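Me: I should like to ask how certain terms are justified in the following model. May I show it before I begin?

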Amino acid sequence: MVLIELHPEDAGVLRRQFRNDARVHVHHRDGYEGLAAFLPPAERRGLVLIDPPYEDRDELTRLAELLRAAHARWPTGQYALWYPIKERGAIDRFHGALATSGMRKLLMVEFLPMPDASLRGSGFVLVNPPWRIEDRLAALLDALGPALGRPDAARRIDWLVPE
Ligand SMILES: C[S@@+](CC[C@H](N)C(=O)[O-])C[C@H]1O[C@@H](n2cnc3c(N)ncnc32)[C@H](O)[C@@H]1O
C-alpha cells in the first residue's frame, strides 16, 4: 500500500502507525503532483482511493483532471473518489467533466440521508469497478438509511459512462 499525505504531522502519524509493516509505504508529498509517479504499479492490479480535503473551491475541477491523467497512465486500474454533496450544480459539472473525459466504465453512487442539511450526503465516483457492484451497493445503501435512523434516505447509482 502506498499512502500519499501532504501535511507533515499526518504523514508522521501514518509512518508511526505502519512502521512495523514493510508492505506499507508512506510518502509525504502532494498527491496532485505525486500520484502519477506511482502509476502503473508493478502489480498491475489495484485500487487508487482518493479522499480529498475539499479545502479549495476549484477542487472538483482539479480532481477531474487528476483522475483523467492517472487513468491515462493506468487505464485498467480501479479508482474510487469520494465527494461531499452540497451544491448540486458543482457536482453536475464534475460529473459532466468526467463523462466527456474519454474514460469509460465510470459509475457514480450517492447516499443522501440529510436532504435539508448543507451537507446533504456524499458520493463516490468509481472507475473500472468490480462486476455488478451497483447491485451490491444498492442493497447496502437501502439497509444503511434505516440503520442510521434515516429510512427516507435517498440514493442514486448511475453509470456516467458505461463500459
Ligand atoms: C479527508 S482527509 C482523509 C482522511 C482519511 N482518508 C481517513 O479516513 O482518515 C484528507 C487528507 O488529505 C490530506 N491532504 C490535503 N491536501 C493534500 C494533497 N494535495 N496531497 C495529499 N494529501 C493531501 C490532508 O492532510 C488529510 O489528511
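Me: What makes the pair formed by an oxygen atom of the ligand and the side chain of aspartate 10 a polar contact?
Reply: An oxygen atom of the ligand is 3.4 Å from a side-chain N or O atom of aspartate 10. A polar contact is a pair of N or O atoms within 3.5 Å, so this pair qualifies. The model is predicted: local features need pLDDT of at least 70, side-chain atom pairs count only at pLDDT 80 or more, and totals for chains, interfaces and linings use all residues. Residues are numbered from 1 along each chain as its sequence is written, and side-chain values use heavy atoms, leaving out hydrogens and water.

Me: Which atoms of leucine 6 and aspartate 51 lie 3.2 Å and 2.6 Å from a nitrogen atom of the ligand?
Reply: For leucine 6, a backbone N or O atom lies 3.2 Å from a ligand nitrogen. For aspartate 51, a side-chain N or O atom is 2.6 Å from a nitrogen atom of the ligand. The protein covers 59% of the 600 Å² of accessible area (Shrake-Rupley method, 1.4 Å probe) that the ligand has on its own.

Me: Why is the ligand said to lie between domain 1 and domain 2?
Reply: Domain 1 (1-38) and domain 2 (47-161) both contribute residues to the shell, so the ligand lies between them. Those bounds come from an automatic or database domain assignment. The surrounding residues, each with a heavy atom within 4 Å of the ligand, include Ile4, Arg29 and Pro52.

Me: How many residues of each class does the shell have?
Reply: The shell has 5 nonpolar, 2 polar and 5 charged residues. Asp, Glu, Lys and Arg count as charged; Ala, Val, Leu, Ile, Met, Phe, Trp, Tyr, Cys and Pro as nonpolar; the others, Gly among them, as polar.

How values were computed
Polar contact = N/O pair within 3.5 Å; in protein donor to acceptor, adjacent residues only side chain to side chain.
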